[in-house]
Amino acid sequence: MRVHLAEHPLIAHKLTVLRDERTDSPTFRLLTEELVTLLAYEATRDIATEPKEVATPVATTTGTRLKRPRPIVVPILRAGLGMLEGMRRLVPTAEIGFLGLKRDEETLEAVTYANRLPDDLSGRQCFVLDPMLATGHTLVASIEYLLERGARDVTCITLLCAPEGLRHLEDTVGKRGNVRVVTAAIDDRLNDKAYIVPGLGDAGDRLYGVVD
Ligand code: URA
């Protein structure tokens with residue numbers, strides 16, 4: 001499994017504002033989108049392309065276009081939804097699927113409560129959006145779901161990772177297919193409630209407010 005830590009002063013700056021507990025939800029949402037656009041630039045470095053003839057006003061040349069089938073972007077509900085616009089800005093022709101997984105706060109296991117994805121993902125490049133790779137349970141369940149449907153190329157875009165979650169991913173799905181993680185930061189650890197430390201708190205709550 002490849003892990004790409006996107007190091008850039010703008011990413012570091014925006015992430016610091018996201019971490020700040022005083023940052024309000026509208027600002028948090030805007031910064032998340034901007035960060036994802038920057039991360040998506042790295043995450044799409046290996047996006048499948050093919051040559052395409054193009055006539056400029058001066059001459060004909062061979063350019064590049066995205067290959068079919070189109071890549072599929074899969075935000076993990078609910079917090080991954082906050083990353084979707086940032087990704088779509090860079091790859092507007094990608095198809096969008098949805099996976100709803102949430103963490104059982106007792107067992108910390110991922111539970112699927114919604115899905116809207118093609119049954120056959122053979123040959124599709126998948127980009128999974130989930131801001132926080134904490135224990136890794138949600139992301140592992142999502143990646144397994146995609147691999148079981150034939151996907152072989154899965155890139156996960158996250159804002160923050162915990163080392164524990166990265167290890168869990170490596171041990172479970174790291175050698176199945178071409179799995180990659182692109183992230184803005186790898187933090188210190190998880191706390192006893194499986195929150196990332198220092199982290200940024202609950203990403204879903206900070207994006208959309210607390211829902212009981
Ligand atoms: N999910 C979050 O939103 N934040 C964490 O720190 C861990 C999981």
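Buried means under 20% relative accessible area, exposed means over 50%, and partly exposed lies in between, with a 1.4 Å probe and protein chains only. This is a predicted model in which local features need pLDDT of at least 70 and side-chain atom pairs count only at pLDDT 80 or more, while totals for chains, interfaces and linings use all residues. Residues are numbered from 1 along each chain as its sequence is written, and side-chain values use heavy atoms, with hydrogens and water left out.

**Exercise 1. Describe the backbone and the burial of alanine 194.**

Step 1. Alanine 194 lies in the loop between strand 12 (189-190) and strand 13; strands (E, at least two residues) and helices (H or I, at least four) are DSSP runs, numbered from the N terminus.
Step 2. The phi angle of alanine 194 is positive, about 65°, although the residue is not a glycine.
Step 3. Alanine 194 counts as buried because its relative accessible area is 5%.

**Exercise 2. Determine which residues surround the ligand and which backbone atoms approach it.**

Step 1. Met132, Ala134, Ala194, Tyr195, Ile196, Gly201, Asp202 and Ala203 surround the ligand, each with a heavy atom within 4 Å of it.
Step 2. Polar contacts are pairs of N or O atoms within 3.5 Å; within protein, one must be able to donate a hydrogen and the other to accept it, and residues adjacent in sequence count only if both atoms are side-chain atoms.
Step 3. A polar backbone atom of isoleucine 196 is 2.8 Å from an oxygen atom of the ligand. For alanine 203, a polar backbone atom is 2.7 Å from a ligand oxygen.
Step 4. A nitrogen atom of the ligand lies 2.8 Å from a backbone N or O atom of glycine 201.
Step 5. On its own the ligand has 240 Å² of accessible area, of which the protein covers 88%; such areas come from the Shrake-Rupley method with a 1.4 Å probe, and for residues only the protein chains shown count as cover.

**Exercise 3. Locate the cis peptide bonds at arginine 78 and proline 198.**

Step 1. Leucine 77 and arginine 78 are joined by a cis peptide bond with omega about 5°. Arginine 78 is in the loop between strand 4 (72-77) and helix 3.
Step 2. The bond from valine 197 to proline 198 is also cis, with omega near 0°. Proline 198 is in the loop between strand 13 (196-197) and helix 6.

**Exercise 4. Identify the elements that build the largest nonpolar core.**

Step 1. A nonpolar core is a set of buried Ala, Val, Leu, Ile, Met, Phe, Trp, Tyr and Cys residues joined through side-chain atoms within 4.5 Å.
Step 2. The largest core has 35 residues, and Leu18, Leu39, Met87 and Leu160 touch the most other members.
Step 3. Elements that each supply at least two residues include helix 1 (9-19), helix 2 (25-43) and strand 10 (153-161). Helix 2 gives the largest share, 7 residues.
Step 4. Beyond its neighbours within four places in sequence, leucine 39 has contacts (heavy atoms within 4.5 Å) that include Ala6, Ile157 and Val182.
Step 5. A second, separate core of 25 residues has Val128, Val154, Cys161 and Leu166 among its members.

**Exercise 5. Assess cysteine 126 and cysteine 161 for disulfides.**

Step 1. The whole structure contains 0 disulfides, a disulfide being a pair of cysteine sulfur atoms within 2.5 Å.
Step 2. For cysteine 126, the nearest cysteine sulfur is that of cysteine 156, 9.7 Å away. Cysteine 126 is buried, at 0% relative accessibility.
Step 3. For cysteine 161, the nearest cysteine sulfur is that of cysteine 156, 8.9 Å away. Cysteine 161 is buried, at 0% relative accessibility.
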